[in-house]
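Student: Could you walk me through this structure before I head back to the bench?
Tutor: Happily, let's look at the model together.

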Amino acid sequence: VLSYRHSYHAGNYADVLKHTVMVSILDYLLQKDKPFCYLDTHSGCGAYQLDSEQSLKTGEFKDGIAKLWGKQNLPVPVSRYLEQVSTFNGVDKLNSYPGSPMICNQMRRDDDRMFLFELHPNEFTNMRGNFSGDRRIKMANTDGLQGLVANMPPKERRGLVLIDPSYEIKTEYEEVVESLIAAHRRFATGTYALWYPVVKRTVINKMERALKASGIKNIQLFELAIEADSEEHGMTASGMIVINPPWTLLKEMQHSLPFLAETLGIDGQGQYRVETLVAE
Ligand code: SAM
């Protein structure tokens with residue numbers, strides 16, 4: 001039984017990092033006059049109200065997007081991400097938050113295709129309501145990791161895969177690595193972005209080791225912590241592991257992460273990691 005609902009977490013500091021990295025990658029893909037394919041293995045419903053009971057219950061967006069809203073002189077990648085959030089809101093006030101499929105849908109051109117997977121029946125129904133009527137968007141109420149491997153390589157031969165599980169099941173940490181390896185075997189030149197939470201540091205260390213040992217080249221890691229590692233406080237940091245990143249991404253994150261760590265860190269505890277896990 002899936003109990004995770006992204007509506008409790010939309011716009012939190014983890015979404016800020018995830019979506020900043022995602023916008024940077026899409027901006028790069030958009031520079032070329034050739035269609036790309038976007039595949040989202042764990043899409044969520046795509047649109048969140050920040051005054052909903054769920055958002056207000058955790059208040060997580062207040063320590064995330066709300067701390068950036070209306071700020072001037074942002075690093076360019078962060079301001080491009082904020083542009084997407086503000087396009088979605090349409091007004092000066094921060095009322096709502098776009099999920100990953102919505103951000104891609106706002107940015108893509110008519111010829112760029114999207115594959116969206118969401119396993120939860122209600123989330124899937126909501127997603128269908130948010131994206132219906134476009135034949136270039138394919139939606140499936142099935143397992144996203146299986147859907148990923150089955151759809152590689154995309155006919156465009158260029159694109160972004162976002163893997164953003166809820167990690168409700170412990171084996172997911174291993175499954176994502178296995179699926180990445182299988183997908184990469186079929187589509188070695190694609191860009192893959194894997195989100196991970198730091199709840200137990202040892203679990204992430206193991207995932208990093210597995211990826212380093214996989215034989216896949218060109219892997220970078222970007223992590224944002226708002227508190228020091230702790231096994232008692234739940235998630236204290238989260239990161240994005242990117243395979244085949246645009247060459248511009250490392251510099252952009254070196255520029256953005258110190259700012260995000262300072263702005264979003266709690267009591268000055270913000271930290272970040274920018275690392276090349278495997279060279280090109
Ligand atoms: N990617 C979204 C975003 O950035 O806006 C947020 C996704 S949320 C972290 C994870 C979603 O994955 C949840 O909506 C959950 O119902 C869904 N989910 C869980 N297991 C899944 C699976 N095996 N396949 C597809 N979706 C799954």
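What follows is a set of questions and answers on the core, two helices, the ligand shell and some loop residues.

Student: What kind of model is this, and how are residues numbered?
Tutor: This is a predicted model, in which local features need pLDDT of at least 70, side-chain atom pairs count only at pLDDT 80 or more, and totals for chains, interfaces and linings use all residues. Residues are numbered along each chain as its sequence is written, starting from 1.

Student: Which helix gives the most residues to the largest nonpolar core?
Tutor: A nonpolar core is a set of buried Ala, Val, Leu, Ile, Met, Phe, Trp, Tyr and Cys residues joined through C-beta atoms within 7 Å. A residue is buried if 20 or more other C-beta atoms lie within 10 Å of its own, exposed if 12 or fewer, and partly exposed in between, with C-beta atoms placed from the backbone. The largest core has 75 residues, of which L17, L160, A193, L194, L224 and M240 touch the most other members. With ten residues, the one that gives the most to this core is helix α1 (residues 13-30).

Student: Which residues is A193 in contact with, beyond its neighbours within four places in sequence?
Tutor: Contact here is judged by C-beta atoms, placed from the backbone, that lie within 7 Å of each other. Helices (H or I, at least four residues) and strands (E, at least two) are DSSP runs, numbered from the N terminus. By that contact rule, the partners of A193 are V21, M22, I25, L160, L162, M240 and V242.

Student: How far apart are the end C-alpha atoms of helix α8?
Tutor: The expected span of a helix is 1.5 Å times one less than its number of residues. For the 15 residues of α8 (residues 172-186) this predicts 21 Å, and the end C-alpha atoms agree, being apart by 21 Å.

Student: How wide is the arc that the buried residues of α8 cover around the axis?
Tutor: The buried residues of α8 are V176, V177, S179, L180, A183 and H184. The arc is taken from the directions from the helix axis to the C-beta atoms. These residues are on the same side of α8, because they cover an arc of only 165°.

Student: What covers the buried residues of α8?
Tutor: The cover draws on both helices and strands. It includes α7 (144-150), β6 (159-163), β7 (191-198), α9 (201-212) and β9 (237-243).

Student: Within what arc do the buried residues of α4 fall?
Tutor: In α4 the buried residues are P77, V78, Y81, L82, Q84, V85 and F88. They line one face of the helix, because seen down the axis of α4 they fall within an arc of 150°.

Student: Is F88 buried or exposed?
Tutor: F88 sits in helix α4 (residues 76-89). Not counting residues up to four places away in sequence, F88 touches S96, P98, M102 and Q106. F88 has 20 other C-beta atoms within 10 Å, so it is buried.

Student: How many residues of the shell around the ligand are charged?
Tutor: A residue belongs near the ligand if its C-beta atom, placed from the backbone, lies within 6 Å of it. There are 20 residues around the ligand, and the closest are H42, G44, G99, S100 and H120. Ala, Val, Leu, Ile, Met, Phe, Trp, Tyr, Cys and Pro count as nonpolar, Asp, Glu, Lys and Arg as charged, and the others, Gly among them, as polar. The shell divides into five nonpolar, nine polar and, for the class you asked about, six charged.

Student: What is omega at the cis peptide bond between M152 and P153?
Tutor: P153 is found in the loop between α7 and β6. The cis bond joins M152 to P153, with an omega of about -10°.

Student: Is N73 buried or exposed?
Tutor: N73 lies in the loop between α3 (65-68) and α4. Phi of N73 is positive, near 55°, in a residue other than glycine. With 6 other C-beta atoms within 10 Å, N73 is exposed.

Student: What is the phi of Y167?
Tutor: Y167 is in the loop between β6 and α8, and with 18 C-beta neighbours inside 10 Å it counts as partly exposed. Although Y167 is not a glycine, its phi is positive, at about 50°.

Key
Contact = placed C-beta atoms within 7 Å.
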